[in-house]
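This report describes one protein chain for a reader who is new to structures. Please keep the sequence and the 3D view open while reading.

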Amino acid sequence: MLYGAKCWPVKNSPVQKMRVAEMRMLRWMCGCTRQDRIKNEAIRDIVGVDSVEDKMWELRLRWFGHVRRRSIDAPVRRCERLPMESLRRGRGRPKKYWGEVIRQDMVLLQLTEDMTLDRRV
(Lines give C-alpha, C1' and ligand atoms only; values in the text may rest on other atoms or scores of the structure.)
Protein backbone atom coordinates (compact mmCIF):
# COMPACT_ATOMS: atom_id res chain seq x y z
CA MET A 1 0.00 0.00 0.00
CA LEU A 2 2.84 2.38 0.71
CA TYR A 3 4.94 1.82 -2.41
CA GLY A 4 6.52 5.16 -3.29
CA ALA A 5 4.92 6.93 -0.31
CA LYS A 6 8.16 8.80 0.32
CA CYS A 7 7.39 11.03 -2.67
CA TRP A 8 3.63 11.40 -2.30
CA PRO A 9 2.39 14.93 -1.58
CA VAL A 10 -0.80 13.55 -0.01
CA LYS A 11 -3.89 15.43 1.01
CA ASN A 12 -6.31 14.40 3.74
CA SER A 13 -8.74 12.37 1.62
CA PRO A 14 -6.18 9.81 0.35
CA VAL A 15 -4.81 9.44 3.89
CA GLN A 16 -8.33 8.71 5.15
CA LYS A 17 -8.81 6.08 2.43
CA MET A 18 -5.51 4.47 3.45
CA ARG A 19 -6.64 4.39 7.10
CA VAL A 20 -9.90 2.70 6.14
CA ALA A 21 -8.16 0.11 3.97
CA GLU A 22 -5.61 -0.58 6.71
CA MET A 23 -8.27 -1.13 9.35
CA ARG A 24 -10.21 -3.45 7.04
CA MET A 25 -7.06 -5.54 6.57
CA LEU A 26 -6.26 -5.58 10.28
CA ARG A 27 -9.82 -6.60 11.19
CA TRP A 28 -9.64 -9.35 8.57
CA MET A 29 -6.31 -10.56 10.02
CA CYS A 30 -7.83 -10.74 13.52
CA GLY A 31 -11.01 -12.41 12.33
CA CYS A 32 -13.11 -9.51 13.62
CA THR A 33 -15.90 -7.62 11.94
CA ARG A 34 -17.28 -4.16 12.57
CA GLN A 35 -20.27 -5.80 14.20
CA ASP A 36 -17.99 -7.03 17.00
CA ARG A 37 -17.63 -3.34 17.99
CA ILE A 38 -13.92 -3.53 18.83
CA LYS A 39 -12.14 -0.18 18.75
CA ASN A 40 -9.46 0.46 16.13
CA GLU A 41 -6.83 1.13 18.80
CA ALA A 42 -7.54 -2.23 20.44
CA ILE A 43 -7.16 -4.06 17.14
CA ARG A 44 -3.94 -2.18 16.38
CA ASP A 45 -2.60 -3.18 19.84
CA ILE A 46 -3.51 -6.82 19.25
CA VAL A 47 -1.72 -6.91 15.90
CA GLY A 48 1.12 -4.68 17.12
CA VAL A 49 1.47 -2.30 14.18
CA ASP A 50 1.66 1.47 13.83
CA SER A 51 -0.88 3.39 11.80
CA VAL A 52 -0.42 3.90 8.07
CA GLU A 53 -0.22 7.65 8.61
CA ASP A 54 2.72 7.23 11.02
CA LYS A 55 4.49 5.00 8.51
CA MET A 56 3.97 7.60 5.78
CA TRP A 57 5.51 10.30 8.04
CA GLU A 58 8.45 8.01 8.74
CA LEU A 59 9.04 7.23 5.06
CA ARG A 60 8.80 10.87 3.97
CA LEU A 61 11.11 12.14 6.70
CA ARG A 62 13.63 9.34 6.10
CA TRP A 63 13.70 10.22 2.40
CA PHE A 64 14.05 13.91 3.26
CA GLY A 65 17.11 13.03 5.37
CA HIS A 66 18.63 11.13 2.44
CA VAL A 67 17.99 14.09 0.12
CA ARG A 68 19.55 16.58 2.56
CA ARG A 69 22.68 14.44 3.12
CA ARG A 70 23.47 13.68 -0.52
CA SER A 71 26.10 15.50 -2.51
CA ILE A 72 25.24 18.63 -4.47
CA ASP A 73 25.99 17.11 -7.90
CA ALA A 74 23.75 14.06 -7.38
CA PRO A 75 20.92 13.62 -9.93
CA VAL A 76 17.50 14.97 -8.98
CA ARG A 77 14.49 12.64 -8.81
CA ARG A 78 11.13 13.63 -10.22
CA CYS A 79 9.52 14.13 -6.79
CA GLU A 80 12.23 16.58 -5.70
CA ARG A 81 12.02 19.00 -8.63
CA LEU A 82 10.64 22.42 -8.08
CA PRO A 83 7.22 23.10 -9.64
CA MET A 84 7.33 24.71 -13.05
CA GLU A 85 5.38 27.89 -13.40
CA SER A 86 2.63 27.75 -15.96
CA LEU A 87 1.31 30.59 -18.06
CA ARG A 88 -2.32 29.94 -17.18
CA ARG A 89 -3.70 29.49 -13.70
CA GLY A 90 -5.72 26.36 -13.14
CA ARG A 91 -9.04 26.17 -11.39
CA GLY A 92 -9.32 25.25 -7.74
CA ARG A 93 -6.72 24.89 -5.04
CA PRO A 94 -3.06 24.86 -6.14
CA LYS A 95 -1.39 21.45 -6.15
CA LYS A 96 0.32 20.35 -2.98
CA TYR A 97 4.05 19.75 -3.36
CA TRP A 98 6.38 17.39 -1.55
CA GLY A 99 8.25 20.24 0.13
CA GLU A 100 5.05 21.60 1.67
CA VAL A 101 4.15 18.19 3.07
CA ILE A 102 7.66 17.78 4.55
CA ARG A 103 7.46 21.21 6.19
CA GLN A 104 4.07 20.34 7.72
CA ASP A 105 5.40 17.01 9.02
CA MET A 106 8.43 18.68 10.56
CA VAL A 107 6.31 21.34 12.29
CA LEU A 108 3.90 18.68 13.56
CA LEU A 109 6.71 16.50 14.95
CA GLN A 110 8.78 19.52 16.14
CA LEU A 111 11.83 18.67 14.03
CA THR A 112 14.39 20.99 12.42
CA GLU A 113 16.31 20.62 9.16
CA ASP A 114 19.58 20.43 11.11
CA MET A 115 18.39 17.18 12.68
CA THR A 116 18.38 15.55 9.25
CA LEU A 117 22.12 15.97 8.85
CA ASP A 118 22.78 13.69 11.84
CA ARG A 119 21.63 10.22 10.78
CA ARG A 120 21.41 8.89 14.36
CA VAL A 121 18.84 11.54 15.36
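The sections below go from the overall fold to the core, the charged pairs and two unusual backbone angles.

## Overall fold

The model is predicted. Its protein chain contains four helices and zero strands, and the order along the sequence is α-α-α-α.

Of the 121 residues in the chain, 26% are buried. The accessible surface is about 10,100 Å², and carbon and sulfur atoms hold 53% of that area. Among contacts with a separation of 6 or more, 62% join residues that are 24 or more positions apart.

## The nonpolar cores

Which residues form the largest nonpolar core? It has eight members: C7, L61, W63, F64, V67, W98, I102 and M106. Two elements, α3 and α4, each give two or more residues to this core. The largest share comes from α3, with four residues. Another core lies apart from this one and has six residues, including A5, V10, V15 and M56.

L61 can serve as an example of a core member. Leaving out residues up to four places away in sequence, L61 touches I102, D105, M106, L109 and L111. Two of these partners, I102 and M106, also belong to the largest core.

## Rings and a charge

The structure holds one aromatic pair. A ring also takes part in an arrangement with a charge: the charged end of K6 sits over the ring of W63, at 4.4 Å from the ring centre. W63 is also listed in the largest nonpolar core.

## A buried salt bridge

How many salt bridges does the structure hold? There are six. One of them joins the side chains of R44 and E22, with a distance of 3.0 Å from N to O. The pair links distant parts of the chain, 22 residues apart: R44 is in helix α2 (residues 40–47), and E22 is in helix α1 (residues 12–30).

Are the two partners buried or exposed? The limit for a buried residue is under 20% relative accessible area. R44 is buried because its relative accessibility is 18%. E22 is buried too, because its value is 7%. Leaving out residues up to four places away in sequence, E22 touches M1, R44, D50, S51 and V52. R44, the salt-bridge partner, is therefore also one of the contacts of this buried residue.

## Salt bridges of helix α3

Another salt bridge joins the side chains of E58 and K55, at 3.8 Å from N to O. These two residues are three positions apart in helix α3 (residues 52–69), so about one helical turn separates them. E58 counts as partly exposed because its relative accessibility is 35%. K55 also has a relative accessible area of 35%, so K55 is partly exposed. Together with R62, these residues form a network of salt bridges linking K55, E58 and R62.

E113 and R68 form a further salt bridge, in which the closest N and O atoms are 3.2 Å apart. This pair links distant parts of the chain: R68 is in helix α3, while E113 is in the segment after α4 (98–108), 45 residues apart. What is the exposure of each partner? With a relative accessible area of 38%, E113 is partly exposed. R68, at 33% relative accessibility, is partly exposed as well.

## Two positive phi angles

Most residues other than glycine have a negative phi. Two residues can be looked at with this in mind. R37 is not a glycine, yet its phi is positive, at about 55°. R37 is found in the loop between α1 and α2. At 75% relative accessibility, R37 counts as exposed, because the limit for exposed is over 50%.

Q110 is the second case: its phi is near 55°, a positive value in a residue other than glycine. Q110 is placed in the segment after α4. Its relative accessible area is 69%, so Q110 is exposed.

Technical notes
Residues are numbered from 1 along each chain as its sequence is written. This is a predicted model: local features need pLDDT of at least 70, side-chain atom pairs count only at pLDDT 80 or more; totals for chains, interfaces and linings use all residues. Side-chain values use heavy atoms; hydrogens and water are left out. Rings of Phe, Tyr and Trp (its six-membered ring) pair if their centres lie within 6.5 Å; planes under 30 degrees apart count as stacked, over 60 as edge-to-face and the rest as tilted. A charge sits over a ring if NZ of Lys or CZ of Arg is within 6 Å of the ring centre and within 35 degrees of the ring normal. A salt bridge is a side-chain nitrogen of Lys or Arg within 4 Å of a carboxyl oxygen of Asp or Glu. Buried means under 20% relative accessible area, exposed over 50%, partly exposed in between (1.4 Å probe, protein chains only). A nonpolar core is a set of buried Ala, Val, Leu, Ile, Met, Phe, Trp, Tyr and Cys residues joined through side-chain atoms within 4.5 Å. Contact means heavy atoms within 4.5 Å. Accessible areas come from the Shrake-Rupley method with a 1.4 Å probe; for residues, only the protein chains shown count as cover.
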